[in-house]
Amino acid sequence: MKKVWLGFFFCVLAIFFVPGAHPQTTSRVTGTVEDKSGAAIFGAQVTLRNEATNVTSHTVSNSAGVYVFDGIAPGNYTVGVEAQGFATITSSGNVLTIPH
């Protein structure tokens, strides 16, 4: 009986640690930094700021111009992008929602 109970306990415990087994509360924000011709911009400094809490995250675009922010809570965000030789771009009111 002890062996069966222990096995059941680990099965129940595993359910709580399997991604997707419970509702998500955060998401991923990703994008691509490109110049006017569509060429990727490597090394752009990208900032993501929650407009309600002012919590700010920073990342850098990769060689394909892609940037990623993981673990981002729903809310309204301002995205800022800076790269040497380019004008700074800021976009406010970007809404992140997580469907139920």
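Contact means heavy atoms within 4.5 Å. By that criterion, among contacts in the protein chain between residues at least 6 apart in sequence, 49% join residues at least 24 apart. The model analysed here is predicted.

The protein chain has 100 residues, and 22% of them count as buried. Its secondary structure comes to one helix and six strands. Read from the N terminus, the order of elements is α-β-β-β-β-β-β. The accessible surface of the chain is about 7,400 Å². Carbon and sulfur atoms account for 61% of that surface.

The interior was examined next. In soluble globular proteins, nonpolar side chains tend to be buried together. The largest nonpolar core in this model holds 14 residues. Within this core, V33, V46, L48, F69 and I72 touch the most other members. Three elements give two or more residues each to the core: β2 (45-50), β4 (66-72) and β5 (75-82).

I72 illustrates how distant parts of the sequence meet. Leaving out residues up to four places away in sequence, I72 touches T26, S27, V29, L48, S57, Y77 and L96. One of these partners, S27, is found in strand β1 (residues 27-32). S27 and I72 are 45 residues apart along the chain, yet their C-alpha atoms are separated by 5.1 Å. Beyond its neighbours within four places in sequence, S27 is in contact with F69, D70, G71, I72, L96 and I98. S27 has a relative accessibility of 25%. Buried requires under 20% and exposed over 50%, so S27 counts as partly exposed.

I98, another contact of S27, lies in the segment after β6. The relative accessible area of I98 is 16%. This value is under the 20% limit, and I98 therefore counts as buried. Residues up to four places away in sequence aside, I98 touches Q24, T25, T26, S27 and P74. The C-alpha atoms of I98 and G75 are separated by 9.6 Å. Along the chain these two residues are 23 apart.

A further buried position occurs in strand β3 (residues 56-60), where T59 is found. T59 has a relative accessible area of 19%. The limit for buried is under 20%, so T59 falls in that class. With residues up to four places away in sequence not counted, T59 touches A44, Q45, V46, Y67, V68 and F69. Two of these partners, V46 and F69, are among the core residues that touch the most other members.

The loop between β2 and β3 contains N54. Phi of N54 is near 65°. This is a positive value in a residue other than glycine.

Finally, the surface was searched for pockets. The largest pocket has a volume of about 240 Å³. Its lining comprises 16 residues. Those nearest the pocket centre are V33, E34, I41, V81 and I89. V33 also belongs to the largest nonpolar core. β5 and β6 (89-96) each supply at least two residues of the lining. By residue class, the lining divides into nine nonpolar, three polar and four charged residues. β5 thus contributes to the pocket lining and also to the largest nonpolar core.

Conventions: Residues are numbered from 1 along each chain as its sequence is written. This is a predicted model: local features need pLDDT of at least 70, side-chain atom pairs count only at pLDDT 80 or more; totals for chains, interfaces and linings use all residues. Side-chain values use heavy atoms; hydrogens and water are left out. A nonpolar core is a set of buried Ala, Val, Leu, Ile, Met, Phe, Trp, Tyr and Cys residues joined through side-chain atoms within 4.5 Å. Buried means under 20% relative accessible area, exposed over 50%, partly exposed in between (1.4 Å probe, protein chains only). Helices (H or I, at least four residues) and strands (E, at least two) are DSSP runs, numbered from the N terminus. Accessible areas come from the Shrake-Rupley method with a 1.4 Å probe; for residues, only the protein chains shown count as cover. On a 1 Å grid over the protein atoms alone, a cavity is a set of points where a 1.4 Å probe fits but cannot get out, and a pocket is an open set with protein on both sides within 12 Å along at least five of seven lines; lining residues have an atom within 4 Å of a point. Grid points are joined across faces, edges and corners, and a volume is the space filled by probe spheres set on the points. Ala, Val, Leu, Ile, Met, Phe, Trp, Tyr, Cys and Pro count as nonpolar, Asp, Glu, Lys and Arg as charged, and the others, Gly among them, as polar.
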